[in-house]
Amino acid sequence: MRRYVAAIVVVSSLLAGCAISFSGQRGGSPSRFLIDPPPVNRALADLSKSAKGKVLLHHVDEEGQARRWTTKLKMGASFRLEVDCVGASGTIIVRVGKSQLPHQCSIDPGGVRVSMIPDDVAVRSVKVEAPEGAKWAILIWKPPQS
C-alpha cells in the first residue's frame with residue numbers, strides 16, 4: 001500500500017510540472033505553462049543555418065519591439081517553420097493561415113514541419129504574437145522535393 005501511495009505522489013508531481021494553463025484569452029489558446037522558465041538572455045539562434053531548401057520568410061526582431069507582427073506570404077501548404085524567442089518568459093505564437101504553432105520562450109529554438117496535402121500555393125497570413133520584451137526570430141522554408 002505504501003508503494004502505491006508513493007507512486008501516486010510521484011506521478012502527480014510529474015503531471016503537475018507538465019500541465020498547461022488555458023486562460024480566458026480570445027480563441028482559448030494556451031497562454032503559457034504554469035511555471036515559466038526564467039528569461040534567457042542568450043543571443044538569438046541563426047535560424048538560416050537550418051534551412052535546407054528555399055527560404056520563404058526570415059524575420060528577426062533583435063530589439064524586442066514587435067509584440068505583434070503580421071505579413072502575407074505566397075506559399076504552399078507544405079513548409080518548415082523554425083522559431084526562437086529569448087529575453088522573456090511565456091509563449092510566442094506563430095499563426096500561418098489557420099494553423100497555430102506555439103513555442104515556449106527562453107528554451108532552445110524549436111521547429112515544426114507543417115505538411116498538408118494538396119500543396120496548393122496561396123497567399124497566407126503569417127502572424128506572430130510574442131511576450132512583452134521578447135526578442136524573436138522566425139524562418140519559413142520549403143524543403144526540396146524528394
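Biologist: Is the link of C85 and C105 right-handed or left-handed?

Modeller: In this predicted model, C85 and C105 form a disulfide (a pair of cysteine sulfur atoms within 2.5 Å), with their sulfur atoms 1.8 Å apart. The angle about the S-S bond is 75°. The link of C85 and C105 is therefore described as right-handed.

Biologist: What pLDDT do side-chain atom pairs need in order to count?

Modeller: Residues are numbered from 1 along each chain as its sequence is written, and side-chain values use heavy atoms, leaving out hydrogens and water. This is a predicted model in which totals for chains, interfaces and linings use all residues, local features need pLDDT (the predictor's confidence in each residue, from 0 to 100) of at least 70, and side-chain atom pairs count only at pLDDT 80 or more.

Biologist: How many residues apart in sequence are the parts that the pair C85 and C105 ties together?

Modeller: C85 and C105 are both buried, that is, under 20% relative accessible area with a 1.4 Å probe and protein chains only. C85 lies in strand β5 (residues 78-86), a strand being a DSSP run of E with at least two residues, numbered from the N terminus. C105 lies in the loop between β7 and β8 (110-115), so the separation along the sequence is 20 residues.

Biologist: Which residue in β7 is the bridge partner of T91?

Modeller: Strand β6 (residues 91-96) runs antiparallel to β7, and six bridges join them; two strands pair if DSSP finds at least two bridges between them. In β7, T91 has as its bridge partner Q104.

Biologist: Which are the edge strands of the open sheet?

Modeller: The sheet has four strands in the order β4-β9-β6-β7, with antiparallel pairing. An edge strand here pairs on one side only, and this holds for β4 (68-75) and β7 (99-104). The edge strands are thus β4 and β7.

Biologist: What is the relative accessible area of P39?

Modeller: P39 is placed in the loop between β2 (30-33) and β3 (54-61). P39 touches G87, A88, S89 and S106, not counting residues up to four places away in sequence; contact means heavy atoms within 4.5 Å. P39 is partly exposed (between the buried limit of 20% and the exposed limit of 50%), its relative accessible area being 45%.

Biologist: Which element of the chain has the highest mean pLDDT?

Modeller: The mean pLDDT of the chain is 77, and 70% of its residues reach 70 or more. Among the elements, strand β1 (residues 20-22) has the lowest mean, 34, whereas the highest, 94, belongs to β4.
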